[in-house]
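Please open the model in your viewer and keep the sequence panel beside it, since this tour moves from one selection to the next. At each stop you will be told what to select and what is there.

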Amino acid sequence: VQLQAYGGGLVQAGGSLRLSCEASGRTFKELLMGWFRQAPGKAREFVATISGNGGNTYYANSVKGRFTTSRDNAKNTVYLEMNSLKPEDTAVYYCAADTNPADTAYYTHRRYEYHVWGQGTLVTVSS
């Protein structure tokens with residue numbers, strides 16, 4: 001499985017961005033997908049996850065109500081819609097895949113369950 005994330009950039013506080021992550025090499029609906037981020041000098045942290053069938057999502061408290069993750073299994077792509085961005089959202093955002101989820105409804109925030117990682121895309125939110 002290979003993941004390619006894109007869509008990062010510079011945005012003002014209060015603005016919006018949409019990240020995309022395209023997967024290849026595996027039947028996409030079999031992959032549990034997650035988003036993580038890493039700010040300068042900080043550990044990588046969980047942001048959002050979506051089950052293979054798209055029916056279950058889960059968010060970190062820090063982004064709940066502002067970020068939405070979705071997926072288009074026909075396009076092998078997962079999205080992270082980010083609204084009401086804050087300077088503290090500044091980070092490199094990574095998409096990740098769990099290649100062996102329990103089933104297509106499974107989801108998790110546990111970083112160690114994600115086996116494949118994309119290269120990351122930088123999001124910078126200016127105040």
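**First stop: the disulfide**

Select Cys21 and Cys95, whose link is right-handed, with 60 degrees about the S-S bond. The sulfur atoms of Cys21 and Cys95 are 2.0 Å apart and form a disulfide, a term that stands for a pair of cysteine sulfur atoms within 2.5 Å. The structure holds one disulfide. Cys21 lies in strand 3 (residues 17–24) and Cys95 in strand 9 (residues 91–98), so the pair ties together parts that are 74 residues apart in sequence. Both Cys21 and Cys95 are buried; here buried means under 20% relative accessible area, exposed means over 50%, and partly exposed lies in between, with a 1.4 Å probe and protein chains only.

Before you go on, please note that this is a predicted model, in which local features need pLDDT of at least 70 and side-chain atom pairs count only at pLDDT 80 or more, while totals for chains, interfaces and linings use all residues. Residues are numbered from 1 along each chain as its sequence is written, and side-chain values use heavy atoms, with hydrogens and water left out.

**Second stop: the whole chain**

Now select the protein chain and colour it by secondary structure. How many helices and strands does the protein chain have? The protein chain has zero helices and 11 strands, where helices (H or I, at least four residues) and strands (E, at least two) are DSSP runs numbered from the N terminus.

Turn the chain slowly, and keep in mind that its C-alpha trace spans about 40 × 25 × 25 Å along the principal axes. A compact globule with 127 residues would have a radius of gyration near 14 Å, and the 13 Å of the protein chain agrees with this; the radius is taken over C-alpha atoms, and the globule rule is 2.2 Å times the number of residues to the power 0.38. Of the 127 residues, 46% count as buried. Among the contacts in the protein chain with a separation of 6 or more, 59% come from residues 24 or more positions apart, a contact being heavy atoms within 4.5 Å.

**Third stop: around the two cysteines**

Select Ala5, which is found in strand 1 (residues 2–6). With a relative accessibility of 3%, Ala5 counts as buried. Ala5 and Cys95 are 90 residues apart along the chain, yet their C-alpha atoms are separated by 6.6 Å. If residues up to four places away in sequence are not counted, Ala5 touches Ser20, Cys21, Cys95, Gln119 and Thr121, a list that includes both cysteines of the disulfide.

Next select Thr77, whose place is in strand 8. Thr77 counts as buried, at 5% relative accessibility. Measuring from C-alpha to C-alpha in your viewer, you can check that Thr77 and Cys21 are 5.4 Å apart in space, although they are 56 residues apart in sequence. Beyond the residues up to four places away, Thr77 touches several others, among them Cys21, Phe28 and Arg71.

**Fourth stop: two positive phi angles**

Most residues other than glycine have a negative phi. Select Asn76, where phi is near 55 degrees, a positive value in a residue other than glycine. Asn76 sits in the loop between strand 7 (67–72) and strand 8 (77–82), and at 27% relative accessibility Asn76 counts as partly exposed. Then select Ser84, where phi is positive as well, near 50 degrees. Ser84 has its place in the loop between strand 8 and strand 9 and, at 40% relative accessibility, counts as partly exposed.

**Last stop: Thr69 and Ala43**

Select Thr69 in strand 7. Is Thr69 buried or exposed? Thr69 is buried, with a relative accessible area of 4%. The residues that Thr69 touches, not counting those up to four places away in sequence, include Trp35, Ala48, Tyr59 and Leu80. The C-alpha atoms of Thr69 and Trp35 are separated by 8.5 Å, with their positions 34 residues apart along the chain.

Finally, select Ala43, which lies in the loop between strand 4 (32–38) and strand 5 (45–50). Ala43 is exposed, its relative accessible area being 60%. Leaving aside neighbours within four places in sequence, Ala43 is in contact with Arg37 and Gln38.
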